[in-house]
Amino acid sequence: MSGPLQGIGMTSRRTRMRLVQRLRESGIESDAVLEVMGQVPRHIFLDEALSHRAYEDTSLPIGHGQTLSQPYIVARMTELLLRHEPASVLELGTGSGYQTAVLSQLFEQIYSVERIKPLQDRARERLRQLNIRNVLLKHADGGMGWPERGPFDGIIVTAAPMDVPGELLDQLADGGVLVAPVGEERQVLVEVMRHGNQFERRELEPVHFVPLLGGVVR
Ligand code: SAH
């Protein structure tokens, strides 16, 4: 886990606390997650023109046709992971790096893969700005996971595949949990828990994510 976050100064505590309150009302129960959502400055993960909207509970564009997820879903997926207290977490779809920053405050080591290089470069710069050091980034098509670094206690996918890729399940440690949006037009948030070689799958709620795509963009 990282030390205290830096660069928070710009938004008032009140604005961030309002977001936390809204997340609580939406059903987020974990105090640890709510605390981190109140600490990580979402505005620095957005272009300046949009940063005034950073504490609205809505998804926002980050360029290249991609979006920074809605705070509710960031909190929800983080909460699902946290129940299993994973030490190592693989994230697919670094995007802006905001979800990555949230994860970094709750778990020991984060591995995050992004296929669009300019997004990864910006995410890296922002994580550095916040002095976050327990994150390793990789520019690649994350559909195959990150086999060299696995197995992972937790896997979070922030772009929607048609179904959970088998390669990711292979990289899930025993007792581990994977959370992912699955589907095309109609998507559902899926949680998969591994017990030995058994996989227990639960479908949780409708969600709306950009698709998990193949190949890389330089
Ligand atoms: N968690 C991000 C969400 C970004 S949107 C955030 O908080 O900002 C989803 C991201 O997944 C996009 O950046 C997209 O480029 C990336 N992505 C889509 N398919 C991918 C793949 N196969 N491998 C790695 N990243 C992928």
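## A tour from Ser96 to the ligand and two helices

Start by selecting Ser96, which sits in the loop between strand 3 (88–92) and helix 4 (98–104). Keep in mind as you click around that this is a predicted model.

Is Ser96 buried or exposed? Its relative accessibility is 4%, so it counts as buried, the cut-off for that being under 20%. Now show the neighbours: leaving out residues up to four places away in sequence, Ser96 touches Phe45, Ile62, Leu68, Ala123 and Arg126. There's a polar contact to draw here too, since a polar atom of the Ser96 side chain lies 3.1 Å from the backbone nitrogen of Tyr98.

Next, bring up the ligand. How many residues surround the ligand? The count is 25, and Ser96 is among the closest, along with Glu114, Asp141, Gly142 and Leu213. Zoom in on the ligand's nitrogen atoms and try three distances:

- Leu213: a backbone N or O atom is 2.6 Å from a ligand nitrogen.
- Asp141: here a polar side-chain atom is 2.9 Å from a nitrogen of the ligand.
- Arg115: a polar backbone atom is 3.4 Å from a ligand nitrogen.

Then switch on a surface. On its own the ligand has 580 Å² of accessible area, and the protein covers 99% of that.

From here, jump to helix 1, residues 13–25. Its 13 residues reach 18 Å from first C-alpha to last, close to the 18 Å expected at 1.5 Å a residue. Which residues of helix 1 are buried? Pick out Arg16, Leu19, Val20 and Leu23. Look down the axis and you'll find that they cover an arc of only 100 degrees, which puts them on the same side of helix 1. Turn to the face pointing away from that buried side and you meet the exposed residues Arg14 and Glu25. Just past the end of helix 1, check Gly27, whose phi is positive, at about 115 degrees.

What covers the buried residues of helix 1? The cover includes helix 2 (31–39) and helix 3 (71–82), so colour both of those.

Finish on helix 3. With 12 residues, helix 3 reaches 16 Å between its first and last C-alpha, close to the 16 Å expected at 1.5 Å a residue. Helix 3 is mostly covered, with 11 of its 12 residues buried. Click along and you'll pass Pro71, Tyr72, Ile73 and Val74, among the buried ones, then others including Arg76 and Glu79.

Methods
Residues numbered from 1 in each chain as written. Predicted model: local features only at pLDDT ≥ 70, side-chain atom pairs only at ≥ 80, totals over all residues. Heavy atoms only, no water. Helix = DSSP H or I, 4+ residues; strand = E, 2+ residues; numbered from the N terminus. Expected span 1.5 Å × (residues − 1). Buried < 20%, exposed > 50% of the residue type's maximum accessible area, 1.4 Å probe, protein only. Arc of directions from axis to C-beta. Contact = heavy atoms within 4.5 Å. Near = heavy atom within 4 Å. Polar contact = N/O pair within 3.5 Å; in protein donor to acceptor, adjacent residues only side chain to side chain. Areas by Shrake-Rupley, 256 points an atom, 1.4 Å probe, with all protein chains shown as cover.
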